[in-house]
Amino acid sequence: MVFRKYRAVKQWGKMDTRIFKEIYNSRNKRKMPAFQVPEAIEALGVKIFEANDPMIFARQQQRNIIETAANDYNQRIVQNEQQHPLFKSNKAYIFEGEEPMSDGIAQASLLTKSIVRNGLPESIIHSSSKIEIDEETVCDAILHGERYDPTLEKLPKRFDPVLFWVKHIRVHGTPVVKRNNIILDNLLRQVVFAGLRTNTLKTNMQINRDSPLSVHLSGGLYFYDNPLVLRGQPHLTVQSSDSNITSAWAGKSDIDAANQEPLPDIYPISPIIDFNKDNIYNDDLLLTRKTHQSHIHSVLWSREQDQKYAWTKEQNMANAILTTYAAAVAEATRNGQTELEKPLLVRGVQLVDGRLDLVAFQLNTLELTEEENPVKNIVWIEKGIELYKPKPFYEQMEQVEKLNMETFKKFVALMLGHIH
Amino acid sequence: MIGTLACEMSALRLATSCSSKILISTRNFPARGTKPLPRHLWDMKDLEEKSGGEYTHKPLRINKLGGRDPETGRKVNQHIGGGVKFDYFMIDFHRRGPSDGISTYDERVLEVRRDPNRTCHIALVAGIEGKRWILATENMKAGDIISTTSHLSENPVIGVEGNAYPIGSLAAGTLINSIERYPTNDSEIFVQAAGAAATIVRHQGDFTVVKLPHKHEFSLHRNCMATVGRLSHADIDNKIYGSAQMHRRFGYKMSSGLFHKKDGYFGRKIRALPPVRQLDTPPTPPPPTQKFTLSKKELSGLHGHAKVHNLLAHGYSTRDYPQ
């Protein structure tokens with residue numbers, strides 16, 4: 001083509017525009033090889049900026065300012081956190097009852113170094129057989145939470161696993177945890193009254209509601225480098241000034257027999273995979289009335305099952321064992337004690353979906369799981385025994401269905417039973 | 001002579017020009033037609049934000065893209081969108097274990113469940129290092145113990161279903177799934193659809209030839225990990241959605257209703273299989289696209305002393321009157 005210096009374009013039609021557009025488009029589509037920084041320059045370690053950036057200098061400065069400010073800020077936060085006098089640089093494993101234990105009861109028993117006994121001892125059940133609480137009272141206790149409670153809170157979205165696309169209307173009522181807490185409250189009151197009536201209980205109980213519980217443990221096979229923090233907020237923390245309520249159920253011969261038994265092997269699962277890991281500030285014991293002259297009789301709490309990912313009975317039980325263990329350790333280490341003088345027993349009751357998880361934890365040693373120390377704790381469990389059949393949270397219960405008084409008797413035995 | 005003949009026949013084409021005497025057969029010519037579009041189901045950036053860039057076994061609620069391009073936000077796939085949002089389970093596709101040949105990384109299967117976001121079932125496994133979701137093989141069930149080893153054994157190993165091995169140590173004929181394309185922890189994987197399995201064909205030096213379910217053969221590094229066995233939920237094809245509405249609930253929309261002429265992508269084709277493709281180095285990501293806005297002067301394409309005022313081209317000049 002002849003080189004035309006100043007010749008005006010004679011006609012520029014739409015076809016030319018299209019042709020040029022196509023040329024430009026195809027040219028734009030062609031990928032250039034990415035620019036590679038030469039190795040020699042990379043070796044120098046200098047900072048490389050994008051030369052095509054029209055705001056290169058302004059942006060450089062700006063980025064530097066922002067970056068330095070952000071870095072300063074982050075550094076200050078980290079410093080402040082770390083300069084806090086209570087900051088613990090070692091991360092701790094934290095149990096808060098949010099994640100189910102992968103291997104259930106076996107894992108909990110390995111963590112708490114305890115031998116599991118299914119079912120409460122015969123003598124315990126027998127010792128409380130004369131305590132009479134009629135069915136009507138238990139029904140009322142349940143209906144108080146399920147029917148008569150006037151709370152009108154917005155309940156969670158309903159999830160239907162079959163008709164998963166249906167958007168159900170949001171209903172208002174009593175949240176499940178609150179219902180269960182009311183039921184536990186009532187059941188406990190009936191049990192305490194019955195105990196006082198029949199003189200099984202010598203003194204009245206001291207009850208604290210929704211008070212936090214936290215114990216800090218370290219050492220053993222799994223928590224040598226990173227300590228274990230067990231946290232919970234049981235709805236009822238039942239204490240008494242009578243020291244006999246924590247007296248152990250298993251005697252010396254039973255303990256010796258338990259010591260001979262091996263702990264469960266949960267290979268290939270590691271028992272600590274279900275804990276969170278975080279830095280903590282406070283490694284003190286957290287327990288209500290910690291400085292009083294009282295003793296933990298039991299902790300009672302309830303859980304709400306996730307609508308989509310419900311925990312299994314095993315996982316619920318593992319949760320109950322660990323929380324009760326926390327209460328037992330709290331009882332053993334209150335008032336700054338570091339050693340266990342004599343075995344003690346703390347009870348735990350968990351109410352999930354109308355099912356009770358009963359735990360009696362006898363703490364024989366404060367040591368965590370390790371190979372040398374043969375002393376083991378003993379835990380009696382009743383796993384997921386049905387107390388009544390609950391309605392789903394979006395339905396109103398009119399009357400108690402399938403009330404199981406056997407379960408209630410076991411509950412009474414756990415709370416009031418004692419070895420003579 | 002042959003050259004002119006071949007030029008006339010569209011099925012044959014001569015390399016470079018008709019004058020050279022090399023004849024090349026182009027049986028698969030012309031182009032095969034429209035490829036299926038990318039589905040753009042989930043926003044992976046959002047997933048990274050929600051999981052903090054780390055693996056978590058917990059169910060996540062991630063954003064759905066609805067067939068839209070994550071970069072531009074424009075609709076790419078007409079047939080994806082709407083429906084119920086399901087919880088997303090992150091799947092760990094890269095099972096790597098000890099490579100010393102003695103020890104293995106063992107895990108126990110805690111749960112096998114269906115996953116609404118993919119076709120095959122998924123299994124929650126727990127080991128020393130924590131819990132993770134993997135794709136479940138055909139006979140995997142809760143309580144099974146599966147192991148992983150990265151050791152390249154000298155003699156071919158007959159794999160146990162559910163266990164993960166490097167493909168280089170498995171015997172020819174083994175059915176495998178979740179095969180890494182490159183021996184890295186971030187490579188994509190082959191074979192993840194329900195009921196699918198690839199076969200190990202042969203070993204060649206540092207590479208192992210694997211035959212995928214669509215019968216194409218790939219030559220992969222022998223260190224690439226794969227799980228032995230067929231993937232679960234093979235009978236998914238026999239299950240029916242039941243209605244178009246149920247399809248929509250899962251986020252799959254109907255076709256447009258407008259008639260589209262079928263092109264080369266449709267129908268049964270009998271073609272020779274492509275040669276074995278070797279995957280040696282992971283592809284480098286393409287350079288980021290740059291955007292420029294050119295001024296009118298720059299658009300003129302004139303440089304140096306040819307760069308004149310743009311009005312000159314339209315007949316204006318410094319002269320007072322036209323020549």
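The exchange below goes through some terms used for this predicted model and sets values against their definitions.

Reader: What should I know about the numbering and the model before I start?

Author: Residues are numbered from 1 along each chain as its sequence is written, and chains are lettered from A and ligands numbered from 1 in the order in which they are written. This is a predicted model in which local features need pLDDT of at least 70 and side-chain atom pairs count only at pLDDT 80 or more, while totals for chains, interfaces and linings use all residues.

Reader: Why is strand 12 of chain A called mostly covered?

Author: A strand here is a DSSP run of E with at least two residues, a helix is a run of H or I with at least four, and both are numbered from the N terminus. A residue is buried if 20 or more other C-beta atoms, placed from the backbone, lie within 10 Å of its own, exposed if 12 or fewer do, and partly exposed in between. In strand 12 of chain A, residues 355–363, 9 of its 9 residues are buried, so the strand counts as mostly covered. A:Arg355, A:Asp357, A:Val359, A:Phe361 and A:Leu363 point one way, A:Leu356, A:Leu358, A:Ala360 and A:Gln362 point the other way, and all are buried.

Reader: How do you know that strand 12 of chain A pairs with strand 11 and with strand 13 of chain A?

Author: Two strands pair if DSSP finds at least two bridges between them. Strand 11 (residues 344–352) and strand 12 of chain A have 9 bridges, so they pair, in the antiparallel sense, and A:Leu345 has A:Gln362 as its bridge partner. These two strands form a hairpin with 2 residues between them, where A:Asp353 takes a positive phi near 55°. Strand 12 and strand 13 (residues 377–386) of chain A, joined by 7 bridges, also run antiparallel, with A:Glu382 the bridge partner of A:Leu358.

Reader: What makes strand 13 of chain B mostly covered, and which strands pair with it?

Author: In strand 13 of chain B (residues 217–221), 4 of its 5 residues are buried. Strand 12 of chain B (residues 207–211) pairs with strand 13 in the antiparallel sense over 5 bridges, and B:Val209 stands opposite B:Ser219. The two strands form a hairpin with 5 residues between them, and B:Lys215 in the turn has a positive phi of about 75°. Strand 15 of chain B (residues 277–278) runs parallel to strand 13 and is joined to it by 2 bridges, which is the "at least two" of the definition, so this also counts as a pair. B:Phe218 and B:Arg277 are bridge partners there.

Reader: How do you know that chain B touches chain A?

Author: Two residues are in contact if their C-beta atoms, placed from the backbone, lie within 7 Å, and 23 residues of chain B are in contact with 17 residues of chain A. Strand 3 (105–113), strand 4 (122–127) and strand 5 (130–135) of chain B each supply at least two residues of the side that touches chain A, and strand 3 gives the most, with 4 residues.

Reader: Why is part of chain A called domain 1?

Author: Domain bounds come from an automatic or database domain assignment, and chain A is divided into domain 1 (33–83) and domain 2 (92–416). The C-alpha centres of these two domains lie 53 Å apart.
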